[in-house]
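Reader: Hey, can you walk me through this model? I'd like to start with the overall layout and then poke at some contacts.

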Amino acid sequence: MEKGTLLYEGKAKQLFETNDPEVVWVEYLNQATALNGAKKDMITGKGELNNQITSLIFDFLSRSGINNHFIQQISATEQLIRSVNIIPLEVVVRNKAAGSFSKRLAIEEGTPLAFPIVDFYFKNDQLDDPMITEDHMKVLNIATEKEIQLLRQMALEVNDVLKRLFKEINIDLIDFKLEFGKTPDGAILLADEISPDTCRLWDLKTKDHLDKDIYRRDLGDIIPVYQEVLDRLNKREGD
């Protein structure tokens, strides 16, 4: 597999074409961002950690029957993925109240929800990724009614698998963000990354943050925290 022209550069990753039109080469960056890019820093080692964490999680999802774009990790900071057209939605699944949800509804952080909530956000940095309704998605031609229901179903299936995975390593999955993409034949696959950048993770016993809130809220250094998540995942794989 040969690395080709840069296709896209985001906040945390670069995507390159390859000699196979159905395969994309991903390189994770050391950049940390929060508040839709208003806060930004270079943090040595972050890209390596997120690549390895995402690779382990997507491999577990594949083995659990979740259709996704991941092919394989090829270096400490790189992986290969299937080429998809990203649907401009951020699909957020919430198991407990936290973050903007807590602020918006005045519910104390950590409060268990009666059932997992699925929220949709329009993926548009210029608009600060606003929350949108199903009707908005249909008016904007982002997704059909059938596709919206499939995205909701897939998000909840991913939630079930991830809650089980994280519980095994003594981590509470509070909430997380997913993105999905379409293959040329119209199939919808789970895409992007799943890491402490995209999940809110708390230690089951201490309730300590094991996610980007450490950076977002100026609580300390994220590298030891992300390393702890990776170490627990690796230990589980080795058991």
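Author: Here is a run through the domains, the strands and the salt bridges. It's a predicted model, so keep in mind that local features need pLDDT of at least 70 and side-chain atom pairs count only at pLDDT 80 or more, while totals for chains, interfaces and linings use all residues. Residues are numbered from 1 along each chain as its sequence is written, and side-chain values use heavy atoms, with hydrogens and water left out.

Reader: Fine. How is the protein chain divided into domains?

Author: Into domain 1 (3-82) and domain 2 (85-220); the bounds come from an automatic or database domain assignment. Taken over C-alpha atoms, the centres of domain 1 and domain 2 are separated by 18 Å.

Reader: And how many residues of each are in contact?

Author: 26 residues of domain 1 touch 25 residues of domain 2, where contact means heavy atoms within 4.5 Å.

Reader: How much area do domain 1 and domain 2 bury between them?

Author: About 2,200 Å², with 61% of it on carbon and sulfur atoms. That's the accessible area (1.4 Å probe) that two parts lose on being put together, summed over both. The count of salt bridges between domain 1 and domain 2 is 5; the rule is a side-chain nitrogen of Lys or Arg within 4 Å of a carboxyl oxygen of Asp or Glu.

Reader: OK, strands now. What order do the 5 strands of the open sheet come in?

Author: The order is 1-2-3-7-6, with antiparallel pairing. Strand 1 (3-9) and strand 6 (70-73) are the edge strands, each pairing on one side only. On average, neighbouring strands of this sheet are turned by 30° against each other, direction ignored. For the terms: helices (H or I, at least four residues) and strands (E, at least two) are DSSP runs numbered from the N terminus, and two strands pair if DSSP finds at least two bridges between them.

Reader: What packs on that sheet?

Author: Helix 1 (residues 46-63) does, touching strand 3, strand 6 and strand 7 (78-82), and its direction makes about 130° with that of strand 6. Axes here are lines fitted to C-alpha atoms, for helices over the stretch in contact, and angles run from 0 to 180 degrees between N-to-C directions.

Reader: Back up a bit: what joins strand 1 to strand 2?

Author: A hairpin, through 3 residues. Strand 1 and strand 2 pair in the antiparallel sense over 4 bridges, and Y8 stands opposite L15 in strand 2. Moving along, strand 2 (residues 13-18) is joined to strand 3 (residues 23-28) by 5 bridges, also antiparallel, and E17 faces V24 in strand 3.

Reader: Strand 4: which of its residues are buried?

Author: Q31 and T33 on one side, A32 and A34 on the other, which leaves both faces of strand 4 (residues 31-34) covered. Buried is under 20% relative accessible area, exposed is over 50%, and partly exposed is in between (1.4 Å probe, protein chains only). Strand 4 pairs with strand 5 (residues 39-42) in the antiparallel sense over 4 bridges, and the bridge partner of A34 in strand 5 is K39.

Reader: What does K39 form a salt bridge with?

Author: D218, with the closest N and O atoms 2.4 Å apart.

Reader: How many salt bridges does the count come to?

Author: 28 by this rule. One of them is K11 with D125 (3.5 Å, N to O). K11 sits in the loop between strand 1 and strand 2, and D125 in the loop between strand 10 and helix 3 (134-139), so the pair ties together parts that are 114 residues apart in sequence.

Reader: K11 and D125: buried or exposed?

Author: K11 is partly exposed at 31%, and D125 is partly exposed at 45%.

Reader: What does K123 pair with in a salt bridge?

Author: E179, at 3.1 Å between the closest N and O atoms. K123 is in the loop between strand 10 and helix 3, and E179 is in strand 11 (residues 171-182), 56 residues apart. E179 is buried, at 4% relative accessibility, whereas K123 is partly exposed at 34%.

Reader: Which residues are linked in a network?

Author: R94, E109, D119, D175, R200, D213, R216 and R217 are linked through salt bridges.
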